[in-house]
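The exercises below go through one protein model with a ligand. Try each task before reading its solution.

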Amino acid sequence: MNLAQVLAQSAVRNPEKVAIDFEGIPYTYAQLYEGINKCAQFLRRIGVKKGDRVAIQVPKCIEFVCLHLAVLSVGAITLPLNVGYPASEIQYFLTDSQSSVFVSYSKGYDAVKEAVDSIENLKVVMLDEKSPHGFDALVNELEKSSGDDVRKYPTEKDDVGILLYTSGTTGKPKGAMLTHKNLVSNMKALHEVWRWSENDVLLHALPLFHAHGLSVALHGGLYAGATIVMHEKFDPRRTWETLESVPCTVFMGVPTMYYRLMREWESIKPDLKRMRVFISGSAPLLENLFYKFEEATGFRILERYGMTEALMITSNPYEPERRIPKSVGYPLPGVNIRIVSDDGKDVEPGKVGEVWIKGDNVFKGYWNNPEKTRETFSDGWLKSGDLGYQDPEDDLRLYLVGRAKELIITGGYNVYPKEVENVLEEHEAVLEAAVVGIPDEDFGEKVTAAVVLKEDSKGMETDELIKYCKSKLASYKCPKIIFKVDSLPRNAMGKIQKHILQKELSEKVKEQ
Ligand code: MLC
């Protein structure tokens, strides 16, 4: 089983159809697969073998799609990276994953060059013209390639296809290994539940370096044989205009996108005559946004629940009248869930517990980290860290109510406070730091920090600390606000009381 091969069937069925329209440039399924095959041969030529990790840190572009599916088709593993990651994070991802190839672009490469150069046995492939080994070189290589047949490289269902780094409670991100079986089974389940068809036109405005934009949206659209209209960046006004003018049938976004779409609605009120479904995930969708959106557009947003380690887990039903706010619906075909108490026993239906997951969607484990993998599973069940309950009156419909672990979800990105606290505490002026999520209309939650500064640094401006964080962390992880405090609230055992701090900082934010 190979995801790239499964997707290639769409090219066989409908070669002349537009697969992806990237910023106004159309690529047919035949052209896309020619690109993938040529990239596959290029990868073989530079020595990429089965199981090798190929890290890709480039802005959203058609080359990313071709390279990613080429990596999979030669049995190697794609490691997609946010372009916002600074050098220190990139160095960690490349060394932890022992990647053999790093695909970059000149504008971004300068910022990470020093860190990347220090890594041995790493080939750098540049995706644009400014580098001596730049895009021209790659294109020349591709021109020379005869167009290799992707089906030549057999892959087993449990072979890893994608390595996605997720932030961790202890601070260091961990690489979640997603197998071809995970990717293909989940894609097929969503195809059925969301009634994808080749008549669909998906507006794709999500980043490609996460499960949502990559697996759910890109793979889903290609598997359906649909047309994907791709925008490099999300822009709410342009999204409405495109949904109307193309016209599109499917849109997927995180709640922040829906919030921003609503802010633009009144001034544009597009005609959504061909739209079929708006889907939301990666963060909780607030009830008032669900109703506001329905009132304005006539569409009930279909909310689903997923996580990197299990791809998509549950979904609201497709029938609009059965979509309800606050609930994430029912398990997808082939996915099983349990609601479990602290002692590992199933709770009664209706009672809150941790959501445990089993099925072909569940990942293989964390890269090179058997200990964390063991901690994450119990008897073959993935412990999600999310708290929820199933409604006994409604066929065990799932509701999520919180998290067992400290986690901030900001605009659909996960941030573990520990990672940010570690960075803050490495600063010479900081005695100690604590990070919490403060409710925010736009991002859902806003990363916010409290710091106790050392005696001789009390006069330091917090803006300087934010700037420092941005040099060490992707900007979405950095605190939007940092408060200087004299001490952090602690319990008798000395443990920081995050819920008290969260309340205190929320008040301070309101006062601002
Ligand atoms: C951008 N910024 C963010 C942010 N996105 N800060 C916090 N949280 C975010 N999500 C930073 C920018 O770097 C910038 O910082 C400042 O905030 C303002 O940026 P912006 O222009 O308003 O942001 P924009 O570029 O428009 O991005 C917003 C967004 C984006 C919502 C379009 O965040 C996004 O694409 N989110 C989707 C994330 C996603 O795909 N998650 C899926 C994970 S998979 P500065 O300091 O430079 O000004 C998963 C599984 C599942 O969770 O179930 O799906």
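**Exercise 1.** In which strand does Leu311 lie? State what is unusual about its backbone.

Solution. Leu311 lies in strand E14, residues 311-315. Helices (H or I, at least four residues) and strands (E, at least two) are DSSP runs, numbered from the N terminus. Next, look at phi: Leu311 has a positive value of about 50 degrees, although it is not a glycine. Most residues other than glycine have a negative phi, and most peptide bonds are trans.

A note on the source: this is a predicted model, in which local features need pLDDT of at least 70, side-chain atom pairs count only at pLDDT 80 or more, and totals for chains, interfaces and linings use all residues. Residues are numbered from 1 along each chain as its sequence is written, and side-chain values use heavy atoms, with hydrogens and water left out.

**Exercise 2.** Find the residues that the cis peptide bond joins, and place Pro247.

Solution. The bond joins Val246 and Pro247, with omega about -20 degrees. Pro247 is in the loop between helix H9 (236-245) and strand E11 (250-253).

**Exercise 3.** Describe the shell around the ligand.

Solution. Start with the count: 25 residues surround the ligand (a heavy atom within 4 Å), and the closest are Ser282, Arg304, Thr410, Lys470 and Ser475. By class, the shell has 11 nonpolar (Ala, Val, Leu, Ile, Met, Phe, Trp, Tyr, Cys and Pro), 5 charged (Asp, Glu, Lys and Arg) and 9 polar residues (the others, Gly among them).

Then take the polar contacts (here, pairs of N or O atoms within 3.5 Å). A ligand oxygen atom is 2.6 Å from a side-chain N or O atom of Ser282. For the side chain of Lys233, the distance from an N or O atom to a ligand oxygen atom is 2.9 Å. Gly306 has a backbone N or O atom 3.2 Å from an oxygen atom of the ligand.

Finally, the area: taken alone the ligand exposes 1000 Å², and the protein buries 76% of that (Shrake-Rupley method, 1.4 Å probe). H8, helix H10 (255-268) and strand E13 (302-307) are the elements giving two or more residues to the shell.

Definitions and conventions
A polar contact is a pair of N or O atoms within 3.5 Å; within protein, one must be able to donate a hydrogen and the other to accept it, and residues adjacent in sequence count only if both atoms are side-chain atoms.
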